[in-house]
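Student: I have some questions before I go back to the bench, so could we go through this one together?
Tutor: Gladly; let us bring it up and take it topic by topic.

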Amino acid sequence: MRAPGYAARRGFRRIDLRRAVVHDFPLKAAALAIAVLAFVVVAETGQPVVATFHVPVERPTAVPAGYVLRGSLGEVTVTLRGPQPAVAKLAQGDIHPVPDLAQADLSRNDAQDVALSVPLNDPAITVQTNPATVPVRIEKVVSRSLAVQVRFANDPPPGFQPGTPAISSGEVRITGPQSLVAAVAAVFATLRFGDTPIDVATSADAVPVDAAGNPVDGVQADPPTVQVNVPVLSTTGTRTVPVLWSIKGAVANGYWISRITTDPVAVSLQGAPGTLAAVDRVETTAIDVTGLSANRSFRVPLLLPAGVSLLQPTDATVGVTVVALTGTRPFPLVAVQVTGAAAGLVAETDPATVSVLVSGAVAQLAALGPGDVVATVDASGKTAGSSPVDVVLKVPAGITVASLQPTRVTLTMRAR
């Protein structure tokens with residue numbers, strides 16, 4: 001044991017522990033509280049984590065009025081990045097990627113890419129999708145009226161034939177996406193005869209069909225059903241033959257006849273058995289289609305051989321469907337125009353021209369001039385220097401851009 005005064009003699013300084021603790025105590029307590037709070041925050045939040053989900057793209061609940069979203073949207077990979085506790089709370093059922101239709105161009109009728117949005121309530125979590133866009137097809141909802149045609153699924157019993165059908169509603173209004181409504185060539189009400197020769201009186205679905213007779217799904221008919229009455233007539237002393245159309249002249253340049261229909265497709269004739277045996281068809285009077293550039297129906301009489309008459313007198317309605325010839329036309333040197341350049345700056349692009357291929361009706365393509373295909377880049381907000389920018393094309397309505405090369409150019413801005 002050292003003698004009293006040893007520390008003083010050796011030059012040691014006595015440490016007062018009590019004074020070291022209580023000296024500036026408020027400041028030390030505040031520092032300790034801040035350190036504890038920081039520790040708790042770090043422990044709670046942790047380092048940012050990443051979670052990945054493979055989920056289907058959902059259809060948006062709100063589509064612009066008068067339009068419909070068509071087709072399948074597929075699946076995307078959604079990557080979440082954020083604090084571990086916040087990310088851990090989310091399951092696959094909480095991830096709902098939807099296309100942002102506010103970016104869609106409603107004037108287009110083909111597929112277009114729009115950005116995806118994944119709504120989340122936690123702003124601390126960032127979201128990324130792969131791919132970042134999804135192709136969607138938004139079409140305008142349109143309507144048009146068509147006559148109902150009766151189609152028979154089978155023949156009447158032997159020795160009998162169908163008479164002229166009577167339909168409760170001669171026309172139905174079809175409504176749906178523009179491309180589907182355009183594909184509808186007719187509306188059929190299909191009937192089936194029974195085993196006994198009795199008149200048919202029944203309701204039948206009004207089914208929109210394409211030119212091949214296949215139902216067009218996604219199109220609604222109003223009314224959806226019609227009442228049809230068909231008498232069943234004896235064929236004794238009669239013969240049923242097809243009705244053949246006859247046309248003359250040529251349609252307008254740039255158009256062609258894609259389809260011709262007759263209503264009725266067949267008629268029942270009556271006359272002497274020997275005379276009827278020599279008749280295998282009935283033709284319409286010639287229809288002049290010279291210069292025709294749109295669909296049209298013609299009501300024309302039938303040409304009957306001598307000694308033969310119609311069992312039920314009628315004229316024929318001949319429908320002529322005319323469509324425009326389509327093709328493509330190149331514009332290999334379209335000058336790139338710069339818009340939005342700030343005052344005092346000169347803008348130029350490299351390359352200075354782009355190559356464009358457009359498609360559409362032949363007649364419309366032939367009428368295009370050099371100024372009808374315009375390529376621009378936006379220099380708004382650009383300062384001196386060079387940067388890549390997207391090329392935007394403007395073409396007349398009815399014309400579609402088939403290809404654009406290149407899609408991006410280098411924009412150089414310099415002082416005057």
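Student: How many bridges are there between β3 and strand β6, and in which sense do the two pair?
Tutor: Keeping in mind that this is a predicted model, β3 and β6, the latter covering residues 126-130, are paired in the antiparallel sense over five bridges. One position you can look up in that pairing is R81, whose bridge partner in β6 is T126.

Student: And what about β1 and β3, how many bridges there?
Tutor: Strand β1, which spans residues 48-56, pairs with β3, residues 75-83, over nine bridges, and the sense is antiparallel. In that pairing P48 has P83 of β3 as its bridge partner.

Student: Where does P131 sit, and what is the peptide bond from N130 like?
Tutor: P131 is in the loop between β6 and β7, where β7 covers 133-152, and the peptide bond leading from N130 into P131 is cis, with omega near 5°. As general background, most peptide bonds are trans.

Student: Which residues does the other cis bond, the one with omega of about -10°, join?
Tutor: That cis peptide bond joins Q405 and P406, and P406 lies in the loop that connects β33 (400-405) with β34 (408-415).

Student: β33, okay. In what order do the strands of its sheet come?
Tutor: The order is β32-β30-β27-β29-β33, five strands that form an open sheet with mixed pairing. The edge strands are β32, residues 392-394, and β33, each of which pairs on one side only. Neighbouring strands in this sheet are turned against each other by 30° on average, if direction is ignored.

Student: How many bridges join β30 to β32?
Tutor: Three bridges join them, and strand β30, residues 374-378, runs antiparallel to β32. If you want a place to look, V374 of this pairing stands opposite K394 in β32.

Student: Switching sheets: what order do β9, β12 and β15 come in?
Tutor: They form an open sheet of three strands in the order β9-β15-β12, with antiparallel pairing. Because β9 (166-167) and β12 (200-205) stand at the edges and each has a single partner strand, one side of each is left without a neighbour in the sheet.

Student: And which residue is opposite V200 there?
Tutor: V200 stands opposite V230 in β15, and the two strands concerned, β12 and β15 (residues 225-230), run antiparallel and are joined by six bridges.

Student: New topic. How many salt bridges does a search of the whole structure find?
Tutor: Five salt bridges are found in the whole structure. One of them brings together the side chains of E139 and R137, at 2.8 Å from N to O.

Student: Are E139 and R137 buried or exposed?
Tutor: The two partners fall into separate classes: E139 is buried, with a relative accessible area of 0%, whereas R137 is partly exposed, with a relative accessible area of 31%.

Student: What does R281 pair with?
Tutor: R281 meets D280 in a salt bridge of 3.5 Å, N to O, and R281 also meets E283 in a salt bridge of 3.4 Å, again N to O. Salt bridges that share partners thus link D280, R281 and E283 into one network. As for accessibility, R281 is partly exposed at 39% relative accessible area, and E283 counts as partly exposed at 31%.

Student: What about the nonpolar side of things, which residues make the surface patch?
Tutor: W256, L325 and V362 make a nonpolar surface patch of about 250 Å². W256 belongs to strand β19, residues 255-263, and is partly exposed, with a relative accessible area of 40%.

Student: Last one: is L310 buried or exposed, and which residues does L310 touch?
Tutor: L310, which is placed in strand β25 (residues 308-310), has a relative accessible area of 12%, and because buried means under 20%, L310 counts as buried. Leaving aside residues up to four places away in sequence, L310 touches V267, S268, L269, Q270, L302 and L304. With L269, the C-alpha to C-alpha distance is 4.6 Å, although the two residues are 41 residues apart in sequence.

How values were computed: Residues are numbered from 1 along each chain as its sequence is written. This is a predicted model: local features need pLDDT of at least 70, side-chain atom pairs count only at pLDDT 80 or more; totals for chains, interfaces and linings use all residues. Side-chain values use heavy atoms; hydrogens and water are left out. Two strands pair if DSSP finds at least two bridges between them. Helices (H or I, at least four residues) and strands (E, at least two) are DSSP runs, numbered from the N terminus. Buried means under 20% relative accessible area, exposed over 50%, partly exposed in between (1.4 Å probe, protein chains only). Contact means heavy atoms within 4.5 Å. Axes are lines fitted to C-alpha atoms, for helices over the stretch in contact, and angles run from 0 to 180 degrees between N-to-C directions. Patches are made of residues with over 30% relative accessible area and no salt bridge: like charges are joined within 9 Å, nonpolar side chains (Val, Leu, Ile, Met, Phe, Trp, Tyr) within 5 Å. Accessible areas come from the Shrake-Rupley method with a 1.4 Å probe; for residues, only the protein chains shown count as cover. A salt bridge is a side-chain nitrogen of Lys or Arg within 4 Å of a carboxyl oxygen of Asp or Glu.
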